[in-house]
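Please look through the structure below before reading the notes. The points are meant to be checked one by one against the model.

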Amino acid sequence: MSNTTVIDYTDSDGTGTVTLVQNPFNKGGKYYAKFDRTTVNIDHLIARIQKKEVGTNAIMAKHFASLFKAEILEALSRGEAVNMFDLGTLYITANGAVTGDTPDTAHVPGFQVKFTSSKITNEAVSSLGIKKIVMSDTRAIIGTMTDLFTGEETSEFTAGKSMRIEGTRLKIAGEEGGVFFAPATEKGEPVQDEAQWIKVEKLIRNVSKTLEFFLPEGLEGGTPYCIVLKTNSTKGNLSKKSYAVSSSGIVTVRT
């Protein structure tokens with residue numbers, strides 16, 4: 001068995017892409033930044049060690065790594081925090097809010113492991129450079145649209161009947177949120193005057209990947225519309241401070 005690890009990969013150059021994500025909450029700055037990940041595994045690390053320390057036995061290195069892994073997991077299972085080679089500390093914390101007002105009535109909803117990085121770990125990333133900065137698009141993405149009366153994927157829908165939209169980040173939330181039929185401009189975009197938008201009264205299904213609803217009254221046959229989704233939906237019970245708006249291409253209604 002070979003004592004070397006052959007890995008086909010390219011070392012990163014010390015720079016990365018930063019993605020700006022709009023802050024959806026009512027506190028903090030307008031954006032928060034995410035440094036896009038490039039993940040290396042134990043084989044990558046051993047290969048790098050072998051370049052610097054010629055003759056390093058990859059099999060033994062992997063064996064010792066597996067022993068450390070087992071001992072770390074065992075220490076955590078005993079309720080111990082673990083100093084990870086001075087890189088930081090793995091420690092145990094409650095997995096969510098504790099209910100009850102006294103020790104006798106308190107309920108702890110299980111445990112989870114978190115990691116606090118050390119000074120030397122944070123210093124290791126202090127010289128990273130930014131290759132480029134990009135914006136994250138958090139708007140809903142409309143995929144397919146189906147007329148549930150005919151069962152067809154289409155851009156022409158039956159007046160007074162139901163339809164389905166499938167895609168991502170579709171869930172509608174917020175007092176001003178909703179699904180709207182907006183008259184389309186000559187460029188195939190919804191008119192900016194929201195007073196002209198016709199709102200869907202009730203959503204039959206309202207989840208991230210699927211919306212189902214009956215077409216609202218007042219739509220004119222043959223008139224070009226854009227379906228507009230307006231939402232401040234987010235995970236948990238927090239509210240976004242602004243609404244995300246996205247729209248379909250031109251659709252029409254059969255009367």
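The numbered points below go through confidence, the surface, ring pairs, charged pairs and a few loop residues.

1. Confidence. This is a predicted model. The protein chain has a mean pLDDT of 89, and 91% of its residues reach 70 or more. Within the chain, strand 3 (residues 82-83) has the highest confidence, at 98, while strand 2 (residues 31-35) has the lowest, at a mean of 83. As a general caution, predicted coordinates should not be read in detail where pLDDT is low.

2. Nonpolar patch. Eight names are worth finding on the surface: M60, F64, L67, F68, F85, L87, F115 and I120 make a nonpolar patch of about 790 Å². Which helix gives the most to this patch? Helix 2 (residues 58-77) does, with four residues. I120, also part of the patch, lies in helix 3 (residues 119-124).

3. A ring pair in the patch. The whole structure contains four aromatic pairs. In one of them, the ring centres of F68 and F85 are 5.5 Å apart and the planes stand at 75°, so this pair is edge-to-face. An angle over 60 degrees is what counts as edge-to-face here. The two partners come from distant parts of the chain, 17 residues apart: F68 is in helix 2, and F85 is in the loop between strand 3 and strand 4 (88-94). F68 counts as partly exposed because its relative accessibility is 45%, whereas F85, at 53%, counts as exposed. The cut-off for exposed is over 50%.

4. A second ring pair. The rings of F181 and Y225 are also edge-to-face, because their planes are at 80°, with the centres 6.2 Å apart. F181 belongs to strand 11 (residues 178-183) and Y225 to strand 15 (residues 225-231), so the pair ties together parts 44 residues apart in sequence. Are these two residues buried or exposed? Both F181 and Y225 are buried. Ring pairs also bring in F213, giving a cluster of F181, F213 and Y225.

5. A charge over a ring. K230 lies over the face of Y243, and its distance from the ring centre is 5.5 Å.

6. Salt bridges between strands. Side chains of opposite charge can pair when their charged atoms come close. The structure holds eight salt bridges. One of them joins D147 and R254, at 2.9 Å from N to O. This pair links distant parts of the chain, with D147 in strand 7 (residues 141-147) and R254 in strand 16 (residues 244-254), 107 residues apart. What is the accessibility of each partner? D147 is at 0% and so counts as buried, while R254, at 26%, counts as partly exposed.

7. Another bridge of this kind. R164 and E212 meet through their side chains in a salt bridge of 2.8 Å, N to O. R164 is in strand 10 (residues 162-168) and E212 is in strand 14 (residues 210-214), so the pair ties together parts 48 residues apart in sequence. R164 has 25% relative accessibility and therefore counts as partly exposed. E212 is buried, with a relative accessible area of 12%; the cut-off for buried is under 20%.

8. A salt-bridge network. Salt bridges with shared partners join E74, R78 and E80 into one network. Within this network, R78 forms a salt bridge with E74, and the closest N and O atoms are 2.8 Å apart. E74 has a relative accessible area of 38%, so it is partly exposed.

9. Backbone angles in loops. F85, already met in the ring pair with F68, has a phi near 55°, which is a positive value in a residue other than glycine. R169 is not a glycine either, and has a positive phi of about 55°. R169 lies in the loop between strand 10 and strand 11 and is partly exposed, with a relative accessible area of 37%.

10. A loop glycine. Where is G218 found? G218 is in the loop between strand 14 and strand 15, and counts as exposed because its relative accessibility is 57%. The C-alpha atoms of G218 and F157 are separated by 14 Å, and the two residues are 61 residues apart along the chain.

How values were computed: Residues are numbered from 1 along each chain as its sequence is written. Side-chain values use heavy atoms; hydrogens and water are left out. Patches are made of residues with over 30% relative accessible area and no salt bridge: like charges are joined within 9 Å, nonpolar side chains (Val, Leu, Ile, Met, Phe, Trp, Tyr) within 5 Å. Accessible areas come from the Shrake-Rupley method with a 1.4 Å probe; for residues, only the protein chains shown count as cover. A salt bridge is a side-chain nitrogen of Lys or Arg within 4 Å of a carboxyl oxygen of Asp or Glu. Helices (H or I, at least four residues) and strands (E, at least two) are DSSP runs, numbered from the N terminus. pLDDT is the predictor's confidence in each residue, from 0 to 100. Rings of Phe, Tyr and Trp (its six-membered ring) pair if their centres lie within 6.5 Å; planes under 30 degrees apart count as stacked, over 60 as edge-to-face and the rest as tilted. Buried means under 20% relative accessible area, exposed over 50%, partly exposed in between (1.4 Å probe, protein chains only). A charge sits over a ring if NZ of Lys or CZ of Arg is within 6 Å of the ring centre and within 35 degrees of the ring normal.
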